[in-house]
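Hi,

Here is the structure I said I would pass on. Have a look at it first, and then read my notes below.

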Amino acid sequence: TLPTVDRALDVCGLKCPMPILRTKKALAEMESGAVLAVQVTDPAAPEDFAAFARQTGHSVLYVQAGDGQWVIYLRRK
């Protein structure tokens, strides 16, 4: 089952580093433990978000792969 989402962010069509920057801003506005679902089309996104989570302490809960796009579920630290 997919995590319960508190907020969704659509960054489709944006290239690195914009998806991460928009995600960082959204997470900053959320409470600790909240879940953000980021819809993204940049092929590097799964690796970028994994590195972002390692560096910031947020958690990647799940990566849902679709046809040329991904939904990345992050829990705010």
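**What I found**

Let me start with a single pair of residues: R7 stands opposite L36 in β2. Before going further, please keep in mind that this is a predicted model.

R7 sits in strand β1, and four bridges join β1 to β2, which covers residues 35-40. These two strands run parallel. A little further along, L9 stands opposite V38 in β2. To get from β1 to β2 the chain passes through α1, and this β-α-β crossover is right-handed.

Now for the sheet as a whole. Four strands make it up, in the order β1-β2-β4-β3. The sheet is open and its pairing is mixed. At the edges you will find β1 (7-10) and β3 (59-65), each of which pairs on one side only. On average, neighbouring strands are turned by 20° against each other, ignoring direction. Between β2 and β4 there are six bridges, and here the strands run antiparallel. One place to look is A37, which stands opposite Y73 in β4.

Two helices go with this sheet. α1 (residues 18-28) lies across β1, β2 and β4 (70-75), and runs at about 160° to β2. α2 (residues 45-56) packs on the sheet too, touching β2, β3 and β4, and its direction makes about 5° with that of β4. How much of β2 is covered? Most of it, with five of its six residues buried.

**Aromatic pairs**

How many aromatic pairs does the structure hold? There are two. One is made by F49 and F52: the ring centres are 6.5 Å apart and the planes lie at 75°, so this pair counts as edge-to-face. Both residues belong to helix α2, and because they are three residues apart, about one helical turn separates them. F49 and F52 are both buried.

The other pair is Y62 with Y73. Their ring centres are 6.1 Å apart and their planes are at 50°, so this one is tilted. Here the partners come from distant parts of the chain, with Y62 in strand β3, Y73 in strand β4, and their positions eleven residues apart. Are the two tyrosines Y62 and Y73 buried or exposed? Y62 has 39% relative accessibility, so it counts as partly exposed, whereas Y73, at 6%, counts as buried. You have met Y73 already, as the residue opposite A37.

**Salt bridges**

A search of the whole structure turns up two salt bridges. E29 takes part in one with R7, where the closest N and O atoms are 2.9 Å apart. That pair also links distant parts of the chain: E29 is in the loop between α1 and β2, R7 is in β1, and they are 22 residues apart. E29 forms another salt bridge with K25, with 3.1 Å between the closest N and O atoms.

Taken together, R7, K25 and E29 are linked in a network of salt bridges. As for how open these residues are, E29 is partly exposed, with a relative accessible area of 48%. R7 counts as partly exposed as well, at 30%. K25 has a relative accessible area of 54% and is exposed.

If you want a place to begin, go back to R7: this residue faces L36 in β2 and forms a salt bridge with E29.

Cheers

Key: Residues are numbered from 1 along each chain as its sequence is written. This is a predicted model: local features need pLDDT of at least 70, side-chain atom pairs count only at pLDDT 80 or more; totals for chains, interfaces and linings use all residues. Side-chain values use heavy atoms; hydrogens and water are left out. Two strands pair if DSSP finds at least two bridges between them. Axes are lines fitted to C-alpha atoms, for helices over the stretch in contact, and angles run from 0 to 180 degrees between N-to-C directions. Contact means heavy atoms within 4.5 Å. Buried means under 20% relative accessible area, exposed over 50%, partly exposed in between (1.4 Å probe, protein chains only). A crossover is right-handed if, with the strands pointing away from the viewer, the path from the first strand over the helix to the second runs clockwise. Rings of Phe, Tyr and Trp (its six-membered ring) pair if their centres lie within 6.5 Å; planes under 30 degrees apart count as stacked, over 60 as edge-to-face and the rest as tilted. A salt bridge is a side-chain nitrogen of Lys or Arg within 4 Å of a carboxyl oxygen of Asp or Glu.
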